[in-house]
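Biologist: Before I rely on the terms used for this structure, I should like each one justified. Could we take them in turn?

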Amino acid sequence: MQSIVSLFTTYLPYFFLVLTLLVFVHEYGHYWVGRRFGIHAEVFSIGFGPEIFGWTDRNGTRWKISIIPLGGYVKFLGDNDATSATPSDEPLSPSERKRAFFSQPLYARAAVVLGGPMANLLFAFLLLTGVFFFAGEPYTPTTVAVQVEGPAARAGLRTGDEIVRLADKRIDRYEDIQEAQFLYWAKPMPVEYRRGNQLLRGEIQPQYCERTDRYNNTLRYGDLGIDQFIRPVVGGFTANSPAEAAGLKVGDLLVAIDGKPVEYFSRIPELIGKSGGQPVQVKYEREGRYGETTITPIVDKTVDCAGKEQIVGRLRVRPAAVTELRQHGVIGAMGAGVRAVWGMTSMFYTSMGQILTATRPVDELGGPIRIAKAAGEASYAGWAGILNLVIALSVVLGIFNLLPVPMLDGGHLAMYAYEAVRGKPLSLRAQEVGLKLGFALVIGMALIATFNDIRLLLR
């Protein structure tokens with residue numbers, strides 16, 4: 001019930017804000033390219049159905065907001081429908097025919113269709129370039145802490161190793177490792193890592209893991225048994241921290257727990273083990289001097305990747321920040337923007353391929369409700385969270401529309417490719433059949449996504 005209330009009070013306003021922006025960018029891409037070729041746009045609509053309000057510009061284009069806010073379209077002169085899929089039967093004068101979409105050469109029509117997805121990708125690229133130029137690119141070193149008896153440890157890795165390649169992809173930052181864990185759940189991953197002056201190779205067999213985050217979203221990934229290598233320095237405390245109550249301060253370096261050395265931050269829960277409720281001796285270093293205090297960890301429960309519940313103790317301390325911000329000039333920021341857009345594109349198509357080949361469950365397909373939920377959750381992180389969501393969804397909207405499915409921009413491009421090869425377009429009958437099949441496929445995906453959304457909402 002709380003999820004349903006949040007949907008209407010928090011999620012939907014941000015959803016409509018983000019969706020309207022991205023639909024406008026997409027459709028304006030079609031419109032802008034069409035205008036460059038002298039094609040007349042009769043209607044530019046945000047939403048479908050009856051018009052709520054609008055105006056007609058001096059070029060004769062009707063700009064309007066329609067009642068169903070789940071998309072939009074540009075209708076060019078001579079089109080039979082809002083998707084620019086089939087020509088109209090109405091007669092056109094010679095001057096009108098020159099400005100009609102279907103009278104344009106093949107390259108012009110293809111450019112107009114490609115304009116929408118490219119506008120979304122360009123929009124995401126420009127936002128990312130601006131963020132990387134003004135704020136810097138988030139970067140976490142690839143030096144790892146290896147969990148005892150975890151998959152990486154079994155593959156021969158040790159704490160302090162620096163991963164340089166994983167799953168046949170170059171690793172530049174720890175975030176690249178996390179992306180590989182998301183994409184490959186059980187597939188063995190070739191790994192190259194640097195230990196001192198040695199470059200070593202091995203293969204990690206991930207362990208499938210499924211978690212539920214604080215927003216009740218299911219997260220699936222391949223656990224490698226590694227963590228970021230973070231020095232065990234106290235960066236802060238969470239509420240009711242027993243460590244803070246025992247006298248620890250921000251900046252203290254944890255040296256040992258019950259006589260066992262603390263090599264890295266994520267080692268703390270392992271050393272405490274099942275000592276929740278039982279006092280432990282913590283040795284620390286503060287400003288070059290050593291001290292010792294007794295702390296009684298708070299009892300907590302966790303579930304491992306096998307679904308087994310475990311009791312652990314928590315000191316409720318936060319690590320010092322490990323993520324850095326790489327500063328870039330304009331060219332460097334543009335390069336980082338290209339890499340980020342390409343990375344998101346690669347992840348999307350890989351995930352879609354896994355869904356189609358049944359190596360990834362179909363319940364990961366989401367629709368408007370899931371997007372609305374993500375928008376609401378992003379709002380809790382402030383404008384930074386919303387900006388990240390806008391960038392990600394702009395990329396997804398662009399590359400999803402490039403799928404070679406009739407009804408989508410990629411389907412039209414596929415028909416134009418056929419026309420380029422054969423020297424003549426598909427027959428109207430073939431186009432109609434393709435559109436019907438594409439419509440059925442898109443509706444089928446929408447129904448599955450909506451069913452998944454409802455299940456998520458009712459959890």
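Modeller: In this predicted model, the buried residues of helix 10 include G385, I386, L389, V390, I391 and L393. S394, V395, G398 and I399 of helix 10 are buried as well.

Biologist: What makes a residue of helix 10 count as buried?

Modeller: The criterion is a relative accessible area under 20%. The residues named for helix 10 are classed as buried, so each of them falls under that 20% limit.

Biologist: How do you know that the length of helix 10 is close to the expected one?

Modeller: Helix 10 comprises residues 382-400, 19 in number. The expected span is 1.5 Å times one less than the number of residues, which for helix 10 gives 27 Å. From first C-alpha to last, helix 10 reaches 27 Å, close to that expectation.

Biologist: What does the comparison give for helix 11?

Modeller: Helix 11, residues 409-422, has 14 residues and should therefore span 20 Å; the end C-alpha atoms are 20 Å apart, which agrees. Among the buried residues of helix 11 are D409, H412, Y416 and E419. G423, which follows helix 11, has a positive phi near 80°.

Biologist: Which parts of the chain are annotated as "transmembrane region", and where does that label come from?

Modeller: The label comes from an unreviewed UniProt entry, and it covers residues 12-29, 106-135, 380-403 and 433-451. Such annotations may be inferred rather than shown by experiment. In the model, residues 106-135 are 97% helix and 0% strand, with end C-alpha atoms 42 Å apart. Residues 433-451 are 100% helix and 0% strand, and their end C-alpha atoms are 27 Å apart.

Biologist: Why are strand 14 and strand 16 called edge strands?

Modeller: They belong to an open, antiparallel sheet of four strands in the order 14-13-15-16. Strand 14 (260-261) and strand 16 (289-295) each have a single partner strand, so one side of each is left without a neighbour in the sheet.

Biologist: How do you know that strand 13 and strand 15 are paired?

Modeller: Pairing requires at least two bridges, and four join strand 13 (residues 253-257) to strand 15 (residues 280-286), so the requirement is met. The two strands run antiparallel, and I257 has V282 of strand 15 as its bridge partner.

Biologist: What makes strand 6 and strand 8 the edges of the sheet with the order 6-5-7-8?

Modeller: That sheet is open, has four strands and is paired antiparallel. Strand 6 (169-170) and strand 8 (198-204) each pair on one side only. Strand 7 (residues 189-195) is joined to strand 8 by seven bridges, and R195 stands opposite Q198. Four bridges link strand 5 (residues 162-166) to strand 7, with E162 partnered by R194.

Biologist: Why do strand 5 and strand 6 still count as a pair?

Modeller: The threshold is at least two bridges, and strand 5 and strand 6 have two, so they qualify. L166 stands opposite K169 in strand 6. Their hairpin has two residues between the strands, and A167 takes a positive phi near 55°.

Biologist: What kinds of residue line the second largest pocket?

Modeller: The lining divides into 20 nonpolar, eleven polar and ten charged residues. The pocket has a volume of about 1,500 Å³ and 41 lining residues, with Q147, R211, D227, S266 and E270 nearest its centre. Strand 18 (residues 309-314) supplies the largest share of this lining, five residues.

Notes:
Residues numbered from 1 in each chain as written. Predicted model: local features only at pLDDT ≥ 70, side-chain atom pairs only at ≥ 80, totals over all residues. Heavy atoms only, no water. 1 Å grid on protein atoms, 1.4 Å probe; cavity = no way out; pocket = protein on both sides within 12 Å on 5 of 7 lines; lining within 4 Å. Points joined across faces, edges and corners; volume = space filled by probe spheres on them. Nonpolar A, V, L, I, M, F, W, Y, C, P; charged D, E, K, R; others polar. Buried < 20%, exposed > 50% of the residue type's maximum accessible area, 1.4 Å probe, protein only.
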